[in-house]
Amino acid sequence: MDYYELLGIKKGASDSEIKTAYRKQALKWHPDRNKSPEALGKIKEINKAYEVLSDTKKREMYDQYGKDGFERGGYGSHSQAGQQQSSTYSWGQGQSPFGNADFGGIDPSEIFEQFFGFGGSGGRARKRRDVYQMELSFQEAVRGTAKETVIQGKNHTIKIPAGVDDGMKIRFEEFDVLVRVRPDARFRREGQDVYIEKKISFPLAALGGELTVDTLEAPVTLRVRPGTKSGTTVRLRNHGIVYPQQSRKGDLYVIYTIEVPERMSSRSKKLLEELQKELS
């Protein structure tokens with residue numbers, strides 16, 4: 001398959017778009033998340049596509065000769081008869097698609113293993129490693145944290161980057177840490193996007209006005225349009241969770257639900273009855 005098609009991007013995609021598409025496909029086909037038999041093979045293809053498209057020279061040769069021509073005689077092919085082409089896994093131009101955040105001393109190849117389940121030396125399997133579970137609050141996962149703990153009889157400072165999600169693994173020199181994130185009472189997370197339900201009164205929904213909504217950082221004031229229906233969703237760009245090792249964030253979605261009072265005074269009932277007659 002064409003390398004651009006593998007990543008789900010167009011031929012003229014920017015470096016940023018290539019990295020974003022690569023991360024998306026890598027997480028989709030991660031063997032820990034995707035149990036289909038073709039997952040491992042797909043990961044290798046996706047990595048090869050990124051290796052080529054993230055490198056300016058390799059990408060130029062690929063665009064010129066295509067996949068077959070690139071592998072037979074283009075840039076990076078073997079140059080001697082009978083020489084076996086090595087399978088290397090690089091980030092392209094020295095840049096990791098997962099950024100430069102501190103993962104507690106892990107080098108890029110270790111981060112690569114976290115996502116793909118094999119190292120950068122031709123995909124050879126490594127021996128099984130000890131996995132320790134660490135529970136985080138929702139806010140700790142959102143903002144990142146450092147925790148002191150004892151593992152294998154030693155004191156360790158475990159640095160968790162901002163934006164990690166439940167079920168992610170972080171690889172350290174001697175062990176892996178499996179992250180478990182407790183749910184939050186207010187916010188519901190889907191990837192790096194966050195959803196919050198906000199109850200509004202019927203008069204506010206009907207007449208419009210302003211209300212204050214909590215976000216991950218600080219409350220914001222929103223304008224409610226007259227005639228707002230229950231279930232209306234407002235999107236706040238870049239108010240979601242930061243992508244690990246990036247400055248880019250997801251979005252925050254505010255879902256309005258109209259609150260119906262359980263008890264009403266006789267005057268309130270009368271006013272509603274009059275309104276009902278007027279609208280009918």
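User: What makes two strands a pair in this predicted model?

Analyst: Two strands pair if DSSP finds at least two bridges between them. Strand 8 (residues 209–213) and strand 9 (residues 220–224) have 5 bridges, in the antiparallel sense, so they meet that condition. Within this pair, leucine 211 stands opposite leucine 222 in strand 9. A hairpin of 6 residues joins strand 8 to strand 9.

User: How do the side chains along strand 8 point?

Analyst: They alternate. Gly209, Leu211 and Val213 point to one face and are buried, while Glu210 and Thr212 point to the other face and are not buried.

User: Why is threonine 228 called buried?

Analyst: Buried means under 20% relative accessible area. Threonine 228 has 11%, and therefore it is buried. Threonine 228 sits in the loop between strand 9 and strand 10 (233–236). Leaving aside neighbours within four places in sequence, threonine 228 is in contact with Ile200, Ala205, Tyr256 and Ile258.

User: What makes the approach of threonine 228 to arginine 225 a polar contact?

Analyst: The cut-off is 3.5 Å between N or O atoms, one able to donate a hydrogen and the other to accept it. A polar atom of the threonine 228 side chain lies 2.5 Å from the backbone oxygen of arginine 225, so the distance is within the cut-off.

User: Why does methionine 264 count as partly exposed?

Analyst: Partly exposed lies between the 20% and 50% limits. Methionine 264 is at 34%, so it falls in that range. Methionine 264 is in the loop between strand 11 (252–259) and helix 8 (266–279). With Phe202 and Leu272, Met264 makes a nonpolar surface patch of about 240 Å².

Terms used
Residues are numbered from 1 along each chain as its sequence is written. This is a predicted model: local features need pLDDT of at least 70, side-chain atom pairs count only at pLDDT 80 or more; totals for chains, interfaces and linings use all residues. Side-chain values use heavy atoms; hydrogens and water are left out. Buried means under 20% relative accessible area, exposed over 50%, partly exposed in between (1.4 Å probe, protein chains only). Helices (H or I, at least four residues) and strands (E, at least two) are DSSP runs, numbered from the N terminus. Patches are made of residues with over 30% relative accessible area and no salt bridge: like charges are joined within 9 Å, nonpolar side chains (Val, Leu, Ile, Met, Phe, Trp, Tyr) within 5 Å. Accessible areas come from the Shrake-Rupley method with a 1.4 Å probe; for residues, only the protein chains shown count as cover. A salt bridge is a side-chain nitrogen of Lys or Arg within 4 Å of a carboxyl oxygen of Asp or Glu. Contact means heavy atoms within 4.5 Å.
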